[in-house]
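The following exercises concern a predicted model. Please read each task, attempt it with the structure in view, and then compare your reasoning with the worked solution.

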Amino acid sequence: MNTDNIFKISSVENYLSRLHNFDEFKFDSLTTAILREYDADSGYFEEILKIEFGRNGEIVLSGPRYYQSPDEFDPDDTERDQMRKDLLAFPWPKLEFIDLNAADLPVLWQQAPESERWIFRDKDGNIEMLQVLKRDKGKKKYIPITRWDDVGYRFKHPYGPRPIYNLDLVKKHGASTVFLHEGANGARAAQSVADDAKSKHPWKQELSHTAHLGVIGGARAISDTDFAQLKRLGVTTYYVVPDNDEAGKQAAQKMARRLDGVVYIVQVGADFPPAWDFGNDMPAKFFNKSGNWTGPTFNSTIFPATQATYSYQDEKNKTRLGLRREFSSQWYFVNDEATFVHRRFPELQKTEKAFNDYVAPHSAAKDTAELLKREATCHIDGTVYRPGKRSEVLTEGNRRLFNVYRAHDFPAIDGDATLWDKFVEYLLPDETERKEFLRWFYTILAVPETRTYSCLMYSEAQGTGKSTVADILYRIIGPRNASVANPKSLESQFNSHFENKRLVIFQELYEGGSNFKTTNSLKTVLTDDFIRINSKYRQERTIENHTHIFAASNSSHALDLDDKERRWLVVGTTETPWSQAEFADLREWLFDDVGCNIILAEANKFNDHVKRGERAPETKSKNETVFQSKSEIEMRLDDFHSNVDEDKQLVAVETKVIHDFLTGSRPAHKSDSLQKTIQRFKKKGWGYLSQRDDEFDGYRPYISKRKINCLVSPALKAEMKNKDEKDAWLPMIEKAWTQANDLSAF
């Protein structure tokens, strides 16, 4: 009997011929017959029918064609009995290990270039298979080579599951984390990077200290691979690396479902070539002229894919679903917010419905959220956002809180910052303002744990580079920790753009008209340690406030500031824009090269960062903003105060009377309300006599037979404070009392 081909056993050949044209079957191993059809969408031949002929006489069928019509393909009793008898009688050859020093190695192997041949070892390092890439009419075909005790070498796979490339490295390195590549070529290339101490690969750090394994056969062979052996070898975490195409994505999902552990899929985007894997060079377009990598970080390409559920039989023999420990260890349920947050990627925060939708590809349960909520170890009381601190669970006041801050994956790179220095010097011609801006700018970038004042940058001219500064900040801090908003968003009932952000950018803060509403809307964000957040589809809640504002504007009237304001650093830019060519060179360096990375390195090296609690310094541009912020009513108040205070005059006047004088008795905007007038006088040192004011213990004078709320000038206020008895105040006030008709004299 021909031991090279069991498929010539008459009972087996007759059975296969009944199912289909015998010549169209492919025999990948001594025990497997496969039918494939070409799929134009994927560009691959897809497996539609697979028949395993076991050495124990068993026959197992699988594949979509079989599942559609099993009765059509199952052998009848006569066929099955005869094939079982013949298979048990068949003199099955035994697989032998391969010696690479043997003189009789196949010519195919000996003549293949090193880059197109691979060695497959078992877990103990014995060579069980070789593989050679053969090109035929532009198509790639991978030829397996195995050695047997009867005829020597065959171009067939071994019995049983497909070998895994580099499997021996798991045991050799004691690796608990492995990368699973689609094919041996990518695995070998990645392992070479990992083992080369001098490698300049941009993802060298993440690829090192692990084993890179190759799973052969693509998506159609996933079921032929024994992944369970990896867990037996101690592997707990898997990074699945598919080819960058649709077939690769499908293979990755199939593989993830079969892995018993924590699983991530490494998925690059359309900016990488189609079908890219680690066997290819990193795309040249992501390297700048100096050879620095400007493309995505490794961490930005990984996505959770751990299988959520397993099935079991309960005491009534009903199939139930349970939650896998590897999955539950990756998520928290937040009691206060009724949300789910990923532990490694805390920016993944989901409502119940969104969570179920997100994990659906990895779960057999319709309501995975309900299963997770039953796990006591997955519950935390709330979340906090604390920039610069580790993402971990904290215990505070008998509550368990999870810090959801995670820094942007953006590396600092030392380099020549001349172009940046030139830009800043051009942009901010005032040396003092330039110095103070850089202190603030570098602090925001390099010291995320410091909460300080915010920054307004303005110029009357357009195109000076304010938006470039905003783009730099957003690029370095990243979308996890920064957002872009507009003034209209401040009018909305929803304010999620402030939630868990340490920087909110307004590209144009002023849209004309009154600036009072904008300024007032931002006060809470700039001042309070806690703010209320109202976002769509989630319950309103209070969070810690670590937000800063960077606002750009083409108007010095963008904010309603007074001369006591210390929450805003205000800087003015040049009014003479750079040329288009100069900006083109700058933006190419910043965003197509590593300019932003160099700026981050400059920020890290800076030694004069703003300290927590510092107040924004005075600047010429701020004084201009304060002046421009003043309404006509406020400027009339300034003039009135100056005339009174210059000669230290003693003045007492009813609050409504002075307010009517300043407004001309006309209706005023709420930014010039009576209360605002009182506040402005008090800031200038005037005393306010009112039952609600504590400065004079709620004292109000009795004038014209009624108690009156009034304002007293700084000079009169000083004289009153020198008198201990309240009875002495009234004569002083009566003497200084000023009627409406007398105010014009000032």
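**Exercise 1. Two hairpins**

Strand β23 (residues 393-396) pairs with strand β24 (residues 399-403) in the antiparallel sense, over four bridges.

Task: Determine which residue of β24 stands opposite E396, and how many residues lie between the two strands.

Solution.
Step 1. Begin at E396: the residue opposite in β24 is R399.
Step 2. Examine the connection. β23 and β24 form a hairpin with two residues between them.
Step 3. Inspect the backbone of the turn, where G397 has a positive phi of about 55°.

Task: Carry out the corresponding analysis for strands β16 and β17, and state how many bridges join them.

Solution.
Step 1. Locate the strands: β16 covers residues 309-313 and β17 covers residues 319-323.
Step 2. Establish the pairing. The two strands run antiparallel and are joined by five bridges.
Step 3. Find a partner: T309 is bridged to L323 in β17.
Step 4. Consider the connection. This hairpin has five residues between its strands, and N317 takes a positive phi near 65°.

**Exercise 2. Aromatic pairs**

Task: The structure holds 52 aromatic pairs. Classify the pair F333 and F340 as stacked, tilted or edge-to-face.

Solution.
Step 1. Note the distance: the ring centres of F333 and F340 are 5.0 Å apart.
Step 2. Note the angle. The planes of these two rings stand at 50°, so the pair is tilted, since planes under 30 degrees apart count as stacked and those over 60 as edge-to-face.
Step 3. Check the surroundings: both F333 and F340 are buried.

Task: Classify the pair F696 and W729, and decide whether each residue is buried or exposed.

Solution.
Step 1. The ring centres of F696 and W729 lie 5.2 Å apart, with the planes at 90°, so the pair is edge-to-face.
Step 2. Place the partners in the chain. F696 belongs to the loop between β33 (687-689) and β34 (702-703), whereas W729 belongs to helix α25 (residues 729-736). The two residues are 33 residues apart, and the pair links distant parts of the chain.
Step 3. Apply the cut-off for burial, which is under 20% relative accessible area. F696 has a relative accessible area of 3% and is therefore buried. W729, at 6%, is therefore buried too.

**Exercise 3. Charges over rings**

Task: Identify which ring R344 sits over and which ring R147 lies over.

Solution.
Step 1. The charged end of R344 sits over the ring of Y264, 4.7 Å from its centre.
Step 2. Relate this ring to its neighbours: Y264 belongs to a cluster linked by ring pairs, whose members include W276, W293 and F345.
Step 3. R147 lies over the face of Y153, at 4.9 Å from the ring centre.

**Exercise 4. Enclosed and open spaces**

Task: State how many cavities of 30 Å³ or more the structure holds, and describe the lining of each.

Solution.
Step 1. There are two such cavities.
Step 2. The largest cavity contains about 60 Å³ of space. Among its lining residues are P304, F327, W331 and H362. By class, this lining has six nonpolar, three polar and no charged residues.
Step 3. The second largest cavity has a volume of about 30 Å³. V241, P242, V266, V268, W276 and D277 line this cavity; five are nonpolar and one is charged.

Task: Describe the second largest pocket by volume and by lining.

Solution.
Step 1. The volume of the second largest pocket is about 650 Å³.
Step 2. Its lining comprises 25 residues, with W293, G295, P296, T297 and P411 nearest its centre.
Step 3. By class, the lining of this pocket has 10 nonpolar, 10 polar and five charged residues.

Conventions
Residues are numbered from 1 along each chain as its sequence is written. This is a predicted model: local features need pLDDT of at least 70, side-chain atom pairs count only at pLDDT 80 or more; totals for chains, interfaces and linings use all residues. Side-chain values use heavy atoms; hydrogens and water are left out. Two strands pair if DSSP finds at least two bridges between them. Rings of Phe, Tyr and Trp (its six-membered ring) pair if their centres lie within 6.5 Å; planes under 30 degrees apart count as stacked, over 60 as edge-to-face and the rest as tilted. Buried means under 20% relative accessible area, exposed over 50%, partly exposed in between (1.4 Å probe, protein chains only). A charge sits over a ring if NZ of Lys or CZ of Arg is within 6 Å of the ring centre and within 35 degrees of the ring normal. On a 1 Å grid over the protein atoms alone, a cavity is a set of points where a 1.4 Å probe fits but cannot get out, and a pocket is an open set with protein on both sides within 12 Å along at least five of seven lines; lining residues have an atom within 4 Å of a point. Grid points are joined across faces, edges and corners, and a volume is the space filled by probe spheres set on the points. Ala, Val, Leu, Ile, Met, Phe, Trp, Tyr, Cys and Pro count as nonpolar, Asp, Glu, Lys and Arg as charged, and the others, Gly among them, as polar.
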